[in-house]
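Trainee: I am new to this structure and would like to know what stands behind the words people use for it. Could we go through them one by one?

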Protein chains: 2
Amino acid sequence: MSLRYALLALLTAQPMTGYDLAKAFHVSVGHVWHAPDSQIYPELKRMVADGLLRDESVPWGASSTKTQYTVTDEGVDAFRAWMDEPIEYARERDPAHLRSAYFEWADPDVARRHLHEHIAHYELRRAQWQSQLNAIRTRSHPILARRLETDTRHDPDAVVEFKVFTYEGFLDRAEGEIAWARHGLDLLDRLHPRD
Amino acid sequence: MSLRYALLALLTAQPMTGYDLAKAFHVSVGHVWHAPDSQIYPELKRMVADGLLRDESVPWGASSTKTQYTVTDEGVDAFRAWMDEPIEYARERDPAHLRSAYFEWADPDVARRHLHEHIAHYELRRAQWQSQLNAIRTRSHPILARRLETDTRHDPDAVVEFKVFTYEGFLDRAEGEIAWARHGLDLLDRLHPRD
DNA sequence: TATACCATGTAATAAGTTACATGATTTG
DNA sequence: CAAATCATGTAACTTATTACATGGTATA
């Protein structure tokens, strides 16, 4: 259900075609709420059916068209209403920690490999989030820049600060996961010293 | 797919009936990989069909029976094999951070409420994980205690240490989330000072 | 004119959620 | 003997994943 609000959030910056939106999604809000194209397109259609978006055919090339989506007033209301609703936390479901809890069943080198991959995974995420954060801080992030131009109802500093705050949270999380995995590597060295 | 390995992990401590297993699940591995009873019972059946578990009818009361599940050799092999497989990280999908990224659309007090609830949520989780951790450290956790009795192939210290390591990771995470939300509250006070 | 990429999906499957159902047994 | 809890689910639904499909347009 959050997907539709992620899409709505993105479209409040500017109307977009499905394709542009999908691309923009993957380099912005998709870092917070992932979804594949195959989930995005049908959801857009549903949102039109529910009155949250308006769709228009715009010409593409000589004889073809593409669909552009614009948030309706009802869509804006729905987005605001969503903001008031309590956050639904997903239950814990963590593949890395499930594995680590039973590392006694793994070869120590396999356990090490998992932890190294954990570090690599979060180093990659960290780099992605960091580059988002930089682009947000300098206001050079294209979607944010567009949003700052078109959005007259909100304090631009607040718009930026909330996104900075969000991505800083992810960065801290990545740091935490990396530190945790390093601890695990130390533990493995203690339990199974290498020569 | 991880659910079956969470169940397998639990059943390596001792054979259990479906009901006992479901109860034990919720106070142990369910803290790492949540699943409702309605997902557990059918999965157990499937695991029997796949040869990972053996089921036996044991008497219950005068004229009734219940089903007890035991890990087969094939089940142990499957569990070990799973340990070698790469961890599949779920894509980011974070309802709290999705919300916070667009807090400019929320009333400042609503945003504050969300952050306070975030703190409350992770304080609760922290307490749960902390009590798990204490029970593990003192080896008084009933399932762990049983595991330490029955499991002769693994170093008991390692069995304990890996679980400690896992839950310490969760505790750090909870601390991080709480600190993040407090930052958010500071930010809100900066942007929207209260009298 | 081939290749990249624009544009929009569908189909099949898997996984997870919510709500409900039902009867048996133990215990106070 | 009523209440708690033991025991085991099913049904309906929603969400998400994976893989594939198809044709058009711009560009080198």
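Trainee: What makes the pair formed by A:R93 and a phosphate oxygen of DNA strand C a polar contact?

Mentor: This is a predicted model, and in it a polar side-chain atom of A:R93 lies 2.8 Å from a phosphate oxygen of DNA strand C. A polar contact is a pair of N or O atoms within 3.5 Å, so this pair is called one. Two lysines of chain A can be judged in the same way: a polar side-chain atom of A:K66 lies 2.5 Å from a phosphate oxygen of that strand, and for A:K45 the distance to a phosphate oxygen is 2.9 Å.

Trainee: Which elements give two or more residues to the surface near DNA strand C?

Mentor: Chain A brings α2 (18-26), α3 (37-49) and β3 (64-71), while chain B brings α3 (37-49). In total, 19 residues surround the strand, and A:Y19, A:K66, A:T67, A:R93 and B:S38 are the closest. Of the strand's atoms that come within 4 Å of the protein, sugar and phosphate account for 74%. By residue type, this surface has seven nonpolar, eight polar and four charged residues.

Trainee: How do you know that B:K66 and B:R93 make polar contacts with DNA strand D?

Mentor: Set the distances against the 3.5 Å limit for N or O atoms. A polar side-chain atom of B:K66 lies 2.5 Å from a phosphate oxygen of DNA strand D, and one of B:R93 lies 2.7 Å from a phosphate oxygen there. Both pairs are within 3.5 Å, so both are polar contacts.

Trainee: What kind of oxygen of DNA strand D does A:S38 meet?

Mentor: A base oxygen, at 2.9 Å from a polar side-chain atom of A:S38. Around this strand there are 20 residues, with A:Q39, B:Y19, B:K66, B:T67 and B:R93 coming nearest. Sugar or phosphate holds 74% of the strand atoms within 4 Å of the protein, and the rest belong to bases.

Trainee: Why are chains A and B said to be related as by a two-fold rotation axis?

Mentor: Chain B superposes on chain A by a rotation of 180 degrees with 0.0 Å of shift along its axis, and the RMSD is 0.1 Å. The two copies are thus related as by a two-fold rotation axis.

Trainee: How do you know that the copies meet through the same surface?

Mentor: Of the interface residues of chain B, 100% are also interface residues in chain A, so the surface is the same.

Trainee: What makes A:A90 and B:P95 stand out in the largest pocket?

Mentor: They are among the residues nearest its centre, along with A:R91, B:R93 and B:D94. The lining has 38 residues, which divide into 16 nonpolar, six polar and 16 charged. The space in the pocket is about 1200 Å³. Elements of both chains supply at least two residues each, including α1 (2-11) of chain A and α8 (156-191) of chain B.

Definitions and conventions: Residues numbered from 1 in each chain as written. Chains lettered and ligands numbered in written order. Predicted model: local features only at pLDDT ≥ 70, side-chain atom pairs only at ≥ 80, totals over all residues. Heavy atoms only, no water. Near = heavy atom within 4 Å. Polar contact = N/O pair within 3.5 Å; in protein donor to acceptor, adjacent residues only side chain to side chain. Helix = DSSP H or I, 4+ residues; strand = E, 2+ residues; numbered from the N terminus. Nonpolar A, V, L, I, M, F, W, Y, C, P; charged D, E, K, R; others polar. 1 Å grid on protein atoms, 1.4 Å probe; cavity = no way out; pocket = protein on both sides within 12 Å on 5 of 7 lines; lining within 4 Å. Points joined across faces, edges and corners; volume = space filled by probe spheres on them. Least-squares fit on C-alpha atoms with pLDDT ≥ 70 in both. Contact = heavy atoms within 4.5 Å.
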